[in-house]
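Reader: Please take one salt-bridge contact in this model and look at it closely, following its partners outward into the elements that carry them.

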Amino acid sequence: MMTASDLDTVFAALADPTRRRILSMLLEDDMAVTDVADPFDMSLAAISKHLVILANAGLISQEKRGRVKWCKLEPDALRDASIWMQGFGQFEAINLDAFERFLAVELDDGGEASE
C-alpha cells in the first residue's frame, strides 16, 4: 500500500494536463521519448522533465534500448491511488455540477459560512 507521501507524489504528477496526456498515450504501448514529445509544442528537454516527474511518482518507467530511451506505463501506482479513492465510494455518487457550484460559492465567500 502507498504511503501518504507516495499518494501526494502521484496526485501532484497527475495534476498537470501534459503529464496526464502522456499517460494516456502510454496506455496504447511503450513509446520512445522522441515519439512522446512529437505531439507537444515544447522542447524535448521540457518533455524530459515531465517524464522524470512521472517516473519519480512510479507512474512510468524508462529504459534504454540501444541508443533510444523508452517509456512504459506502470499501472501499479495508479491502481494504489484508485484503491485509495474507492474508499470514498461508500458515499453516493457526487453530482459534480452541484459540487462545482458549491466550491464557487465557498471560494467567492472567502471560505466563510453563508448566513
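Author: In this predicted model, the side chains of Asp30 and Arg65 meet in a salt bridge, with 3.0 Å from N to O. Asp30 belongs to the loop between helix 2 (17–28) and strand 1, whereas Arg65 sits in strand 2, so the contact ties together parts that are 35 residues apart in sequence. Neither partner counts as buried, because Asp30 has a relative accessible area of 23%, while Arg65 is partly exposed at 36%, and the buried class holds only values under 20%.

Arg65 also takes part in a salt bridge with Glu63, where the closest N and O atoms are again 3.0 Å apart, and Glu63 is itself partly exposed, at a relative accessible area of 42%.

The strand that carries Arg65, strand 2 (residues 60–65), pairs with strand 3 in the antiparallel sense over 6 bridges, and within this pairing Ser61 stands opposite Lys72. The hairpin that these two strands form has 2 residues between them, and Gly66 takes a positive phi near 70° there. Strand 3 (residues 68–73) also pairs with strand 1 (residues 31–32), in the antiparallel sense and over 2 bridges, with Ala32 standing opposite Trp70.

A search of the whole structure finds 3 salt bridges, and one of them links Asp76 with Arg79, at 2.2 Å between the closest N and O atoms. Those two residues are 3 apart in helix 5 (residues 75–86), a separation of about one helical turn. Through shared partners, salt bridges join Asp30, Glu63 and Arg65 into one network.

Terms used:
Residues are numbered from 1 along each chain as its sequence is written. This is a predicted model: local features need pLDDT of at least 70, side-chain atom pairs count only at pLDDT 80 or more; totals for chains, interfaces and linings use all residues. Side-chain values use heavy atoms; hydrogens and water are left out. Two strands pair if DSSP finds at least two bridges between them. Helices (H or I, at least four residues) and strands (E, at least two) are DSSP runs, numbered from the N terminus. A salt bridge is a side-chain nitrogen of Lys or Arg within 4 Å of a carboxyl oxygen of Asp or Glu. Buried means under 20% relative accessible area, exposed over 50%, partly exposed in between (1.4 Å probe, protein chains only).
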